[in-house]
Structure formats: structure tokens, C-alpha cells
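This report introduces a protein model to a reader who has not met it before. Please keep the structure in view while reading.

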Amino acid sequence: MWNKNTIVLALFILFAVAVGIVHIVLESAVFLSILVWALIISSVVFVVLRAGLKKTSDNGVFEKKELRIITESLREGLIIYSPQFKILMFNPAAEEIFSLKKEEVIGRLIEPKLSQTEKFKTLTQIIFPSLASSISQLSEINVWPQITEIFIDEQNKKFYTVLNRITDNRGEVVCFLKLIKDESREQSIIQSKNEFINTAAHQLRTPLTALNWALENILKLSENTSPETHEIAAEAIKVSERTLKITNDLLDVAKIEEGKFGYSFKNVDIVAFIKGIVDTVIPFAGQHSSRITFSHQGIEELYLSMDPDRLGLALFNLLDNAVKYNAEHGLVSVMLEKTPGDNFVKVSVQDSGVGIPEDEKEKIFKKFYRATNAAQVEPNGSGLGLFITKNIITRHGGEIGFESRAGRDTIFWFTLPMKTVDTEESASLFRNFS
Ligand code: ADP
């Protein structure tokens, strides 16, 4: 409101009025001294005010510069346009999204008919979403900011946009500000990352399986001949088996993220099922001098709907961890029980090992997370087993959780609904996920 020119003008008017009044009222000698004083005072006021103004304008410059850096480093496209749809600002991310240089758009009026030109088609559809193939309004109509998802079919593109308006003191709209996120680009980056992991893990799996097979043969051949070779081969098998498991985990995670981790449900006796998985882990527990027990609380046979391969992997992961992170000569207890109300069964796997540090508990199901104490016990791990396990249990309609005391013990448990599927239902589930 008070710019430099208005202030200077006001000062001069004040000064002239003062001089005029004094001139009328007083004689010349007194008038001269008052004139000098008036001059001094007005100069001081002028200097002080100027300094104040300069400070304000310096702040303005600073804010402008800061704002420019922020908008230029945004990963989202940012467009500012006037109420007449004239482009006022176009950041580098917007240049990339629309394949347009800012010099080509700044100052240009965007009108609906521009959507007929190849060059400005996408930009026009984003500014006027009703021209796009379809839109989905995510915020309420007439509520600011307006959040919209815009689909452009011919380019197979999906944009997430947030539109806000900037108003002046009187509430009049000065300009509009639109933030644009190209969701299809993000999805294609995730997809290509998944494809990379998939290909790399597939390529690794074949030679690793062959290596494992060769090492098993060496182990057998060295049984009665060379104890040293036997020991080395046994150690090498352990490492190659771990590496193979990490490779398989990577493949499973890539499938889960692509929604291609298929399930085939059938009715299986949970008691026999757990016994079978426990049996496969006993040799591994033996190598770690651990024992495994299984108690089933009087349940002798109970058929549930499950994918035995997937659920087998989930239970194997929990048992594998319980053995790996157990104390020397520790016990691993597996328990099956019915929950109160008989709607679910609960399977728990308890060990007496290193436990999980209190401040790391909330991250334990996150992909690639390994607690700080785990790497000291077992350097070869992926941090993917629990992520996969949680996915499998959730897909079975159950829940998973744990209790742990660092340095003492851990219980991982999961629940499963006590229901069976008829063959038709299981076939349709399989079709949906394969
Ligand atoms: P990995 O065992 O390959 O590291 P997981 O996803 O199976 O990956 O486990 C993630 C982390 O959870 C482990 O690294 C470990 O820190 C912790 N954890 C899992 N089970 C146990 C357990 N029984 N005792 C102590 N820590 C465990």
C-alpha cells in the first residue's frame, strides 16, 4: 500500500503545507530557522522510511527466490494460470510431463479448442478435465482444493491433480494453481523395477539350484573319505540354501507387488499339515542344536480352507526364524489351539532366543527390515520372510502378531478362520488369482 513514491510525495506535500503556514504566521528570521529544522526532520523521516521499505523489498526478493527454488525442485508438475486461463508459471516437472518448454506456454491462453492440437492436447485436458476421457472427483465439488484423477485413454495415462485458487484481500480470484502427478509414470517405474528383480532372481535360481545339487553330491562323496571336505561342503550347502531362499523370497515379493501371487484353496487337515512342516525343519533345527515340539491341545483332525503351499511357506518362515534366532540348545514350541468363540484357530511359534528390541518392533513386518541384533546372529537374511508371511496370512482371512522380550524370547502367532470351501469356490478363487 505504502510504496516509495507515495511516501516521498506525502512528505513533500506535508513539507510545503508547513512552510506555507509558517510563512504566513511568522517574520523571515524565525521563518529561516524553522525552514532549516523542517528540512532536517523531513530528511530523517525520509531516510528511516526508505530503510524500512528497502527491508520489505529485500524480504520480497528473498521469498521470490526461495519460491522459485521450491517450484523448480518439485517432482510434481506445477502450473499457475489466470482466471482467463493464461499460463503464468510452468515448472520443469510440468515441462517434462507435457513435453512442452515453458517459453512455449507462458503467456498463452489455454482454450478448450487447443485440445485438438497434438502439442497442447494433454495440457488442455488437464486444465479442462471435462475434455479428458474420464475423471474421478476425489474431493467434494466446490470445496477447495479440488482433487481429481484424470484418465487419458489414448495415451494410457492417469494423472492426480490438486487445484487451488489464490485470492486477494477482497476474496477475488487472482490466479489458479494446479499440482499434477503423473501416476502412470510412477506405476511404470515400479513395474520395470519389479521386472528387473523378477528377471535377476529367475536367472540366479537355476545356477543356484545346480550349485546346491553339486554340493550335495560332494557332501555324500566325502562322507567316508575326507572329514575336512565334508565339513566345508556342509557349510557351503547352508550358504547356497540361504541364497536360494533369498532369491525365492525376492521372486515372491515381486509377484505379491504385481498382484500375481496366485492362490489355490482346498480343505486340508491343519494338524497333519503342521506336523509335515515341522518335520521338514527338524534337520535344520538339529544343525542349530535346537529342539522342536508340537502340541495341538486335543485337536486330532481339523479341516480348514487353505493354500497348503502358500501357508506352508508362511509357517516355514516362522519356524526358520525361531531356529535361526534361537539360543544355543534352545527350544522351539509350536502350538495349535482354538480361539474363544471357536471361529478361528491360533498357531503360535515360540523360541527362547535373541528377541526383538522394543524400539524396532513396529518395523518388523516391513519389507527388507532386519532388527539390529538379527544380523549379528545370522548375517544372511533378506528381511522379506515376514512381509511374505503377513501377506499370506491376511489373504487367508487371518491375523498375525508377536510378543517378544529382547534377549529372552519371542512368540509369533497367526489365526485362521475355521471354515472350509467347496470345490467350486476354491476353483473360482484360483481362477481369480492365477
Ligand atoms: P530375515 O529372517 O531373513 O532377516 P524375516 O522377514 O523373516 O527376514 O524377519 C525380519 C526380522 O524380524 C529379522 O531380521 C529379525 O530381526 C526379526 N525376527 C523375526 N523372527 C524373529 C525371532 N523369532 N526372534 C527374533 N527376531 C526375529
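Which element gives the most residues to the lining of the largest cavity? The answer is α9, with six residues. The model is a predicted one, and the account below begins with this cavity, then turns to the ligand, the pockets, the strands and some backbone features.

**The cavity**

The count of cavities of 30 Å³ or more comes to one. The volume of the largest cavity is about 460 Å³. Its lining is made up of 32 residues, and those closest to the centre are Asn 321, Lys 324, Tyr 325, Ala 374 and Leu 386. Two or more lining residues come from each of α7, α9, β11, α10 (372-377), α11 (385-395) and β13. By class, the lining of this cavity holds 14 nonpolar, 10 polar and eight charged residues.

**The ligand**

There are 20 residues around the ligand, and the nearest are Asn 321, Lys 324, Tyr 325, Arg 370 and Leu 386. Asn 321, Lys 324, Tyr 325 and Leu 386 are also named among the residues closest to the centre of the largest cavity. Three polar contacts of the ligand are set out in the table.

| Residue | Part of the residue | Ligand atom | Distance |
|---|---|---|---|
| Asp 351 | polar side-chain atom | nitrogen | 2.9 Å |
| Arg 370 | N or O atom in the side chain | oxygen | 2.5 Å |
| Leu 386 | polar backbone atom | oxygen | 2.8 Å |

Taken alone, the ligand exposes 530 Å², of which the protein buries 97%.

**The pockets**

The largest pocket encloses about 690 Å³ of space. Its lining consists of 25 residues, with Lys 238, Glu 241, Arg 242, Phe 284 and Phe 316 nearest the centre. The elements that supply two or more of these lining residues are α6 (183-221), α7 (227-258), α8 (270-287) and α9 (308-324). Of these, α7 provides the largest share, 12 residues. The lining of the largest pocket comprises 10 nonpolar, six polar and nine charged residues. Both α7 and α9 thus appear in two linings, as each gives two or more residues to the largest pocket and two or more to the largest cavity.

The second largest pocket has a volume of about 300 Å³. It is lined by 16 residues, and Leu 67, Arg 68, Thr 71, Leu 78 and Met 89 are the closest to its centre. Two or more residues of this lining come from each of α2 (28-73), β1 (77-81), β2 (87-90) and α3 (92-98). The largest share, six residues, belongs to α2. In terms of class, the second largest pocket is lined by nine nonpolar, two polar and five charged residues.

**The strands**

How do β1 and β2, which contribute to the second largest pocket, run with respect to each other, parallel or antiparallel? They run antiparallel and are joined by three bridges. Ile 80 stands opposite Met 89 in β2, and Met 89 is also one of the residues closest to the centre of the second largest pocket. The hairpin of β1 and β2 has five residues between the strands, and there Phe 85 takes a positive phi near 70°.

Strand β11 (residues 344-351) pairs with two other strands. With β10 (residues 331-338) it runs antiparallel and is joined by six bridges; within this pair, Ser 333 has Gln 350 of β11 as its bridge partner. β10 and β11 form a hairpin with five residues between them, and Gly 341 in the turn has a positive phi of about 100°. With β13 (residues 409-417), β11 is again antiparallel, this time through eight bridges. Here Val 349 has Phe 412 of β13 as its bridge partner. Both β11 and β13 give two or more residues to the lining of the largest cavity.

**Backbone features**

Most residues other than glycine have a negative phi, and most peptide bonds are trans. Against this background, two places may be noted. His 329 has a positive phi, near 60°, and is placed in the loop between α9 and β10. Trp 144 and Pro 145 are joined by a cis peptide bond, with omega about -5°. Pro 145 lies in the loop between β3 (134-137) and β4 (146-152).

Note on methods:
Residues are numbered from 1 along each chain as its sequence is written. This is a predicted model: local features need pLDDT of at least 70, side-chain atom pairs count only at pLDDT 80 or more; totals for chains, interfaces and linings use all residues. Side-chain values use heavy atoms; hydrogens and water are left out. On a 1 Å grid over the protein atoms alone, a cavity is a set of points where a 1.4 Å probe fits but cannot get out, and a pocket is an open set with protein on both sides within 12 Å along at least five of seven lines; lining residues have an atom within 4 Å of a point. Grid points are joined across faces, edges and corners, and a volume is the space filled by probe spheres set on the points. Helices (H or I, at least four residues) and strands (E, at least two) are DSSP runs, numbered from the N terminus. Ala, Val, Leu, Ile, Met, Phe, Trp, Tyr, Cys and Pro count as nonpolar, Asp, Glu, Lys and Arg as charged, and the others, Gly among them, as polar. Two strands pair if DSSP finds at least two bridges between them. A residue is near a molecule or strand if one of its heavy atoms lies within 4 Å of it. A polar contact is a pair of N or O atoms within 3.5 Å; within protein, one must be able to donate a hydrogen and the other to accept it, and residues adjacent in sequence count only if both atoms are side-chain atoms. Accessible areas come from the Shrake-Rupley method with a 1.4 Å probe; for residues, only the protein chains shown count as cover.
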